Amino acid sequence: MAASTRTQVIYLYRMMLTESKKFPSYNYRTYALRRVRDAFRANRKVEDPKAVERLMEEGRQTLAMIQRQVTVGKMFSTQKNVVEG
């Protein structure tokens with residue numbers, strides 16, 4: 001994997017984690033964080049440039065979806081869980 005591609009992947013990963021932490025609901029937040037981490041771990045060994053580009057595009061679409069869902073989630077108030085304290 002080229003250095004610039006690696007940088008892009010790390011940037012996308014950090015952006016997805018940052019956006020996932022913005023979910024107002026504890027359950028959605030932990031689910032999104034777990035899914036992002038698991039997806040990146042599962043594809044850690046991918047070396048093929050075409051596969052990497054396909055996964056990057058899929059990640060960008062997922063990031064956009066997370067951003068939309070966070071916005072919608074903030075429109076509606078939720079009660080705090082016991083875990084959130």
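A: Let's start with one word we'll need: two residues are in contact when they have heavy atoms within 4.5 Å of each other. Keep in mind, too, that this is a predicted model.

Q: Okay, so which residues is Arg29 in contact with, leaving aside its neighbours within four places in sequence?
A: Arg29 contacts Ser20, Lys21, Phe23, Pro24 and Glu84 once those neighbours are set aside. Arg29 itself belongs to helix H2, which covers residues 26-42.

Q: Is Arg29 buried or exposed?
A: Buried means under 20% relative accessible area. Arg29 comes in at 19%, so it counts as buried.

Q: Let me zoom out. How many helices and strands does the protein have?
A: You'll find three helices and zero strands. Going along the sequence, the pattern reads α-α-α. The C-alpha atoms fill a box of roughly 45 × 20 × 15 Å along the principal axes.

Q: How much of the protein is buried?
A: Of its 85 residues, 22% count as buried. As for the outside, the protein exposes about 6600 Å², and carbon and sulfur atoms supply 54% of that.

Q: What share of the contacts with a separation of 6 or more comes from residues 24 or more positions apart?
A: That share is 69%. For a case you can look up, try Tyr26 and Asn81: they sit 55 residues apart along the chain, yet their C-alpha atoms are separated by 7.3 Å.

Q: What else does Tyr26 touch, leaving aside neighbours within four places in sequence?
A: Besides Asn81, Tyr26 is in contact with Val83 and Glu84. Tyr26 is another residue of helix H2, and its relative accessibility of 28% makes it partly exposed.

Q: How do I read a nonpolar core? Which residues touch the most other members in the largest one?
A: The general idea is that nonpolar side chains in soluble globular proteins tend to be buried together. Here the largest nonpolar core has 13 residues, and Leu12, Met16, Phe23, Val36, Met56 and Ile66 touch the most other members. Helices H1, H2 and H3 each give two or more residues to this core. The largest share, five residues, comes from H3.

Q: Can we follow one core residue? What does Ile66 contact, neighbours within four places aside?
A: Ile66 is in contact with Met16, Glu19, Ser20, Phe23 and Val36. Now take Ser20 from that list: it lies in helix H1, residues 3-20, and it is buried, with a relative accessible area of 0%. Not counting residues up to four places away, Ser20 touches Arg29, Ala32, Leu33, Val36 and Ile66.

Q: What about rings? How many aromatic pairs are there?
A: You describe such a pair by the distance of the ring centres and the angle of the planes. There are two aromatic pairs in this model. In one of them, the rings of Phe23 and Tyr28 have centres 6.2 Å apart and planes at 35 degrees, so the pair is tilted. Phe23 is buried at 10% relative accessible area, whereas Tyr28 is exposed at 56%.

Q: And how many salt bridges does the structure hold?
A: Side chains of opposite charge can pair when their charged atoms come close. The structure holds five salt bridges. Asp38 pairs with Arg41, with their closest N and O atoms 3.8 Å apart. Both are in helix H2, three residues apart, which is about one turn of the helix.

Q: Where do Arg54 and Glu58 lie?
A: They are both in helix H3, four residues apart, again about one turn. Their side chains form a salt bridge at 3.9 Å, N to O. Arg54 is exposed at 51% relative accessibility, while Glu58, at 44%, is partly exposed.

Q: Which residues are linked in a network of salt bridges?
A: Glu53, Glu57 and Arg60 are. Within it, the side chains of Glu53 and Arg60 meet at 3.7 Å, N to O. Glu53 is partly exposed at 43%, and so is Arg60 at 35%.

Q: Last one: which residues form a nonpolar patch on the surface?
A: Val72, Met75 and Phe76 do, with about 330 Å² of accessible area together. Val72 lies in helix H3, residues 49-75, and is partly exposed at 38%.

Terms used. Residues are numbered from 1 along each chain as its sequence is written. This is a predicted model: local features need pLDDT of at least 70, side-chain atom pairs count only at pLDDT 80 or more; totals for chains, interfaces and linings use all residues. Side-chain values use heavy atoms; hydrogens and water are left out. Buried means under 20% relative accessible area, exposed over 50%, partly exposed in between (1.4 Å probe, protein chains only). Rings of Phe, Tyr and Trp (its six-membered ring) pair if their centres lie within 6.5 Å; planes under 30 degrees apart count as stacked, over 60 as edge-to-face and the rest as tilted. Patches are made of residues with over 30% relative accessible area and no salt bridge: like charges are joined within 9 Å, nonpolar side chains (Val, Leu, Ile, Met, Phe, Trp, Tyr) within 5 Å. Accessible areas come from the Shrake-Rupley method with a 1.4 Å probe; for residues, only the protein chains shown count as cover. A salt bridge is a side-chain nitrogen of Lys or Arg within 4 Å of a carboxyl oxygen of Asp or Glu. A nonpolar core is a set of buried Ala, Val, Leu, Ile, Met, Phe, Trp, Tyr and Cys residues joined through side-chain atoms within 4.5 Å.
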